[in-house]
Amino acid sequence: MAVKTQVGPEGLGGGKQVVVGLALPNIPWEDRPAGCREPIWRSQRNPIIPRDLIPCSNSIFNSAVVPFGDGFAGVFRCDDRRRYMRLHSGTSGDGVTWNIQPEPIAFECGIPELSHFEYGYDPRVCWIEDRYYVTWCNWYHGPTIGMAWTRDFQTFTQMENAFLPFNRNGVLFPRKIGGKYMMLSRPSDNGHTPFGDIFLSASPDLVHWGEHRHVMGTRGSWESTKIGAGPVPIETTEGWLLIYHGVLTSCNGFVYHYGAALLDLDQPWKVLYRAQPYLMSPQRPYECVGDVPNVVFPCAALCDAPTGRLAIYYGAADTVTCLAFAYVDELIAWIKDNS
């Protein structure tokens, strides 16, 4: 079972423990391959979730995973064979072999204006205090940030949308900061957005959002077109570890990468370090070939705090779900060295 831990023992990555969080000794893990000198490496089992794991699915990608009981649970983007974008729940004992429900989540919603579900995609899941909160791109006269909560991944209660359209990539912080809940997002437009920076918003109650702050903007190269937050930020002694995606526009369309930064613990709209090189780019066949070629898109991360082992779930080519691994202390050092 997961237990809260603080700084103390040595991490397997080579330095002292820097993660403030849970001990998750059963996270999926593969040691760094011989000869690999990168701060991140892919699972040899990729893709871990094929596009057709459930009978109705055309693709399963950009999905969120969290610890749950003695195993793991998650919310999965499953585009069906009508190409409708739907959210499904699932569970796993090892974080690799998944049982995804064949029927989409039927949100319980007492808000008439939101009760008609048009579409949902790119979910994130975050444990805060006593329940799991789900955020996703929800349709309400355009894309915006939908919110719901669950305790059992069977019943999901829909809340008010966080923001007005148009917005995407809503990612909650796992605890209050300065007495307020906080969320990252990427204001956008109604289509395949050719722009986008990361902003932060605060709330006293997870319903009313304001105090908007700019966090990071595009800056050329692999993140010249738009950027957006990825998994739930990870609290470390060095700051909030943020893994985010960045997009460049090539002569053949968008190319999605992901990178990493450190945000201030008390004022997370302040960027302490931001690596210039990308952390991962689409290079494997399953990342380069699919419904949308040349995409790696991170949405979830599991971390074993005592060892700093990090398992990152990412969508590949908008078609399948994959895993990559890193050590948090090595990743922090890489961010600082390349900032």
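This section describes the overall build, the pockets, the salt bridges and the unusual backbone geometry of a predicted model.

The secondary structure of the protein comprises 2 helices and 23 strands. Its radius of gyration is 18 Å, close to the 20 Å that the globule rule gives for 339 residues, and the protein is therefore as compact as a globular protein of that length. Taken along the principal axes, the box filled by the C-alpha atoms is roughly 55 × 45 × 45 Å. Of the 339 residues, 58% count as buried. Where contacts between residues at least 6 apart in sequence are considered, 53% of them join residues that are at least 24 apart.

Open space in the model was examined next. Rolling a probe the size of a water molecule over the atoms shows where empty space is left. The largest pocket holds about 920 Å³ of space, and of the 39 residues that line this pocket, L22, L24, P67, W127 and P174 are the closest to its centre. Two or more lining residues of the largest pocket come from each of the elements β2 (21-23), β4 (57-68), β5 (71-80), β8 (120-128), β17 (234-236) and β21 (296-304). By class, this lining is made up of 30 nonpolar, 4 polar and 5 charged residues.

The second largest pocket contains about 680 Å³ of space. It is lined by 32 residues, of which R77, Y121, H192, Y256 and D318 are the closest to the centre of the pocket. The elements that supply two or more residues to this lining are β4, β5, β8, β9 (131-139), β12 (167-172) and β19 (253-263), and among the elements β19 gives the most, with 3 residues. The lining of the second largest pocket divides into 13 nonpolar, 10 polar and 9 charged residues, whereas the corresponding classes in the largest pocket number 30, 4 and 5. The strands β4, β5 and β8 are named among the contributors of two or more residues to the largest pocket and also among those of the second largest pocket.

Charged side chains were then considered as pairs. Side chains of opposite charge can pair when their charged atoms come close. The structure holds 16 salt bridges, and R77, one of the residues closest to the centre of the second largest pocket, takes part in salt bridges with two acidic residues, D79 and D122. In the pair of R77 and D79, the nitrogen-to-oxygen distance is 2.9 Å, and both residues are buried. In the pair of R77 and D122, the closest N and O atoms are 3.0 Å apart; this pair links distant parts of the chain, since R77 belongs to strand β5 and D122 to strand β8, with their positions 45 residues apart in the numbering. D122 is buried, as is R77.

A further salt bridge joins the side chains of R309 and D304, with an N to O distance of 3.6 Å, and R309 and D304 are both buried. In addition, R51, R83 and D291 are linked in a network of salt bridges.

The backbone was finally inspected for unusual geometry. Most residues other than glycine have a negative phi, and most peptide bonds are trans. The peptide bond from N46 to P47 is cis, with omega near -10°, and P47 is placed in the loop between β3 (41-42) and β4. Another cis peptide bond runs from P165 to F166, with omega near 5°, and F166 is found in the loop between β11 (157-158) and β12.

Positive phi values occur at H141 and at F153, neither of which is a glycine. H141, with a phi of about 55°, lies in the loop between β9 and β10 (143-150). F153, with a phi of about 60°, lies in the loop between β10 and β11. The surroundings of these two residues can be described by their accessibility: H141 is exposed, with a relative accessible area of 63%, whereas F153 counts as buried, at 4% relative accessibility.

Technical notes:
Residues numbered from 1 in each chain as written. Predicted model: local features only at pLDDT ≥ 70, side-chain atom pairs only at ≥ 80, totals over all residues. Heavy atoms only, no water. 1 Å grid on protein atoms, 1.4 Å probe; cavity = no way out; pocket = protein on both sides within 12 Å on 5 of 7 lines; lining within 4 Å. Points joined across faces, edges and corners; volume = space filled by probe spheres on them. Helix = DSSP H or I, 4+ residues; strand = E, 2+ residues; numbered from the N terminus. Nonpolar A, V, L, I, M, F, W, Y, C, P; charged D, E, K, R; others polar. Buried < 20%, exposed > 50% of the residue type's maximum accessible area, 1.4 Å probe, protein only. Salt bridge = Lys/Arg side-chain N within 4 Å of Asp/Glu carboxyl O. Rg over C-alpha atoms; globule rule 2.2 N^0.38 Å. Contact = heavy atoms within 4.5 Å.
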